[in-house]
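Dear colleague,

I am passing on the structure we talked about, and below it you will find my notes on what came out of going through it. Please read them with the model open beside you.

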Amino acid sequence: MSRHRNLARKFFSLIFVLFTSVSIGSASQDLNRAAAEKLIAEAEALTEKRTEQSYQQAIEKYLSAISIWRSLNDKRMEAATLYEAGWLYGDIGQYQNAIDCYSQALTLYKALGNHKSIANTLNNTAWIYGDLGESQTALDLYLQAAEAKKKIALQANVCPRAVS
């Protein structure tokens with residue numbers, strides 16, 4: 001009887017260790033997710049100040065959050081955060097950084113099949129190229145954005161003009 005009890009104790013000890021390690025890993029992911037969400041909230045608050053300095057500080061928060069999203073393999077949040085950083089880079093005239101962020105976000109949005117975000121990212125990238133005086137590149141990107149919006153409209157079975 002004690003042999004069975006000893007075996008059962010070892011079995012349940014092993015199960016406890018396994019569940020504890022899974023729980024710890026999950027708790028760690030939850031803490032990382034909470035940290036990234038806190039960084040985004042701080043970035044959004046900084047953005048509301050609408051100064052170049054606050055935008056730069058917000059970008060730093062977004063970039064820190066991006067690292068966390070990558071570690072969690074959360075492509076959706078990584079893409080959304082890259083998009084926001086790109087927007088701010090564009091607003092303060094750091095166009096190459098904006099293009100880099102938008103390019104990474106676009107790649108992720110395409111992999112995720114998020115057509116609305118693809119269209120928005122193409123549109124914003126076109127705006128950047130327009131500001132850089134690269135009219136043909138901007139036009140090409142605007143046309144791609146228009147095509148993406150048409151796909152959205154067709155999927156929703158509505159008139160393309162209704163999608164903005």
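**Overall make-up**

The secondary structure of the chain amounts to six helices and zero strands, so that, read from the N terminus, its elements follow the order α-α-α-α-α-α. Please keep in mind throughout that this is a predicted model. The mean pLDDT of the chain is 87, with 80% of the residues reaching 70 or more. The stretch to treat with caution is residues 14–23, where the pLDDT is below 50 and where the model shows zero contacts beyond near neighbours in sequence.

Of the 164 residues in the chain, 33% are buried. The chain exposes about 10,500 Å², and carbon and sulfur atoms supply 55% of that area. Turning to contacts between residues at least 6 apart in sequence, 48% of them join residues that are at least 24 apart.

**Helix α2**

Helix α2 covers residues 52–72, which is 21 residues, and from its first C-alpha to its last it reaches 30 Å, close to the 30 Å expected at 1.5 Å a residue. Its buried residues are Ser54, Tyr55, Ala58, Ile59, Tyr62, Ala65, Ile66, Ile68, Trp69 and Leu72. After the helix comes Asn73, whose phi is positive, near 60°.

**Helix α3 and its partners**

Three residues of helix α3 repay a closer look, and I take them in sequence order.

Glu78 is found in helix α3, which spans residues 75–91. Is this Glu78 buried or exposed? Its relative accessible area is 6%, and because the cut-off for buried is under 20%, Glu78 counts as buried. Setting aside residues up to four places away in sequence, Glu78 touches Ile66, Trp69, Arg70 and Leu108; of these partners, Ile66 and Trp69 are among the buried residues of α2, while Leu108 belongs to helix α4.

Thr81, also in helix α3, is buried as well, at 3% relative accessibility. Beyond its neighbours within four places in sequence, Thr81 is in contact with Ile40, Tyr62, Ala65, Ile66 and Trp69, and of those partners Tyr62, Ala65, Ile66 and Trp69 appear in the list of buried residues of α2.

Tyr83 lies in helix α3 too and is buried, with a relative accessible area of 13%. Which residues does Tyr83 contact, leaving aside its neighbours within four places in sequence? They are Tyr102, Ala105, Tyr109, Asn120, Thr121 and Asn124. For one of these partners, Tyr102, there is also a backbone distance to report: Tyr83 and Tyr102 are 19 residues apart along the chain, yet their C-alpha atoms are separated by 5.7 Å.

**Leu108, seen from helix α4**

Leu108 has its place in helix α4, residues 95–112, and at 12% relative accessibility Leu108 counts as buried. Apart from neighbours within four places in sequence, Leu108 is in contact with Lys75, Glu78, Ala79 and Leu82, which gives the contact with Glu78 from the other side. The C-alpha atoms of Leu108 and Met77, which are 31 residues apart along the chain, are separated by 9.8 Å.

When you go through the model yourself, Glu78 may be a convenient place to begin, with its contacts to Ile66, Trp69, Arg70 and Leu108.

With best wishes

How values were computed
Residues numbered from 1 in each chain as written. Predicted model: local features only at pLDDT ≥ 70, side-chain atom pairs only at ≥ 80, totals over all residues. Heavy atoms only, no water. pLDDT = per-residue confidence, 0-100. Contact = heavy atoms within 4.5 Å. Helix = DSSP H or I, 4+ residues; strand = E, 2+ residues; numbered from the N terminus. Buried < 20%, exposed > 50% of the residue type's maximum accessible area, 1.4 Å probe, protein only. Expected span 1.5 Å × (residues − 1). Areas by Shrake-Rupley, 256 points an atom, 1.4 Å probe, with all protein chains shown as cover.
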